[in-house]
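User: Can you take a close look at one part of this model and talk me through it? I'd like the empty space and whatever surrounds it, in one connected story.

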Amino acid sequence: MGIRILIADDHHIVRRGLVFFLRTQKDIEIVGEAKNGEEAVKLTAELAPDIVLMDLMMPVMNGIEATKQIKESFPGTKILMLTSFSDQDHVIPAIEAGASGYQLKDIEPDELVESIRKLFGGESTLHPTATNHLLTRITRKEKPEQKLDLLTNREKEVLTEISKGKSNKEIASSLFITEKTVKTHVSNVLAKLNVADRTQAALFAVKYGLNGH
């Protein structure tokens, strides 16, 4: 079974183009199309896609609100924002709403496929502009050393593994602990760093040298 994709975009020609290209990929399956955020939420409930390719500006309900609702009801569904907006007023709310990926519509087709595969594999995938906005946002918040002091040594190790894009199972294997223990550590890390998800935690780790490089 391939990576199940739901496409949400209010422009028919964009949806058609994405469907035409993505269906050439053997490991990707298009399960549905939505022309606004409200339809995206409804179809996510009906079709259970692995990833929603979400446009940002749509009628009826925009991509940010749709992302919030999807992540609240279906936290396992990953959201990849695919939009024309690269400013922080759009990037930051999208990530805070729960999007694990943020790419611009001028992305090369092969890069989009790579982003989809990375997202499916548990990695984040962010356009460089989006990354810069988020790093700036993190830097402006509480001093990093104060947050790092809150983490135990084991939590720092888990954060380092998160920054490498590893899943809970992979982290458990690497650190020789159970997946349940990893989940607990991840929850603690997110709470102590005051970040919404693994993507923001990974950015924090990269910014402040906890990425193992």
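**Open and enclosed space**

Analyst: Let's start with the largest pocket, which holds about 890 Å³ of space. Before going on: this is a predicted model, so local features need pLDDT of at least 70 and side-chain atom pairs count only at pLDDT 80 or more, while totals for chains, interfaces and linings use all residues. Residues are numbered from 1 along each chain as its sequence is written, and side-chain values use heavy atoms, with hydrogens and water left out.

Pockets and cavities come from a 1 Å grid over the protein atoms alone: a cavity is a set of points where a 1.4 Å probe fits but cannot get out, a pocket is an open set with protein on both sides within 12 Å along at least five of seven lines, and lining residues have an atom within 4 Å of a point. Points are joined across faces, edges and corners, and the volume is the space filled by probe spheres set on them.

The largest pocket has 35 lining residues, with Gly122, Glu123, Ser124, Arg198 and Thr199 lying nearest its centre. Among the elements that each supply at least two residues of that lining are helix 5 (109-120) and helix 11 (198-207); helices (H or I, at least four residues) and strands (E, at least two) are DSSP runs numbered from the N terminus.

Now for the enclosed space. There are two cavities of 30 Å³ or more, and the second largest has about 30 Å³. Its lining is Ile7, Ala8, Asp9, Val14, Leu18, Leu53, Asp55, Leu82 and Lys105. Strand 1 and helix 1 are the elements that give two or more residues to this lining.

Asp55, one of those lining residues, lies in the loop between strand 3 and helix 3 (63-73). It is buried, at 5% relative accessible area (buried is under 20%, exposed over 50%, partly exposed in between, with a 1.4 Å probe and protein chains only). The Asp55 side chain makes a polar contact (N or O atoms within 3.5 Å; within protein, one must be able to donate a hydrogen and the other to accept it, and sequence neighbours count only if both atoms are side-chain atoms) with the Lys105 side chain, at 3.4 Å. Beyond four places in sequence, the contacts of Asp55 (heavy atoms within 4.5 Å) include Ala8, Asp9, Leu82 and Lys105.

Ala8 takes us to strand 1 (residues 3-8), where six of six residues are buried. Ile3, Ile5 and Ile7 cover one side, and Arg4, Leu6 and Ala8 the other. That fits the usual pattern, in which side chains of a regular strand alternate between the two faces of the sheet.

Strand 1 runs parallel to strand 2 (residues 28-34), joined by six bridges, and parallel to strand 3 (residues 51-54) over four; two strands pair if DSSP finds at least two bridges between them. Ile7 has Glu33 as its bridge partner in strand 2, and Ala8 stands opposite Met54 in strand 3.

Zooming out, the open sheet has six strands in the order 2-1-3-4-5-6, with parallel pairing. Strands 2 and 6 stand at the edges with a single partner strand each, so one side of each has no neighbour in the sheet. Even so, strand 2 is largely enclosed by the rest of the structure, because five of its seven residues are buried.
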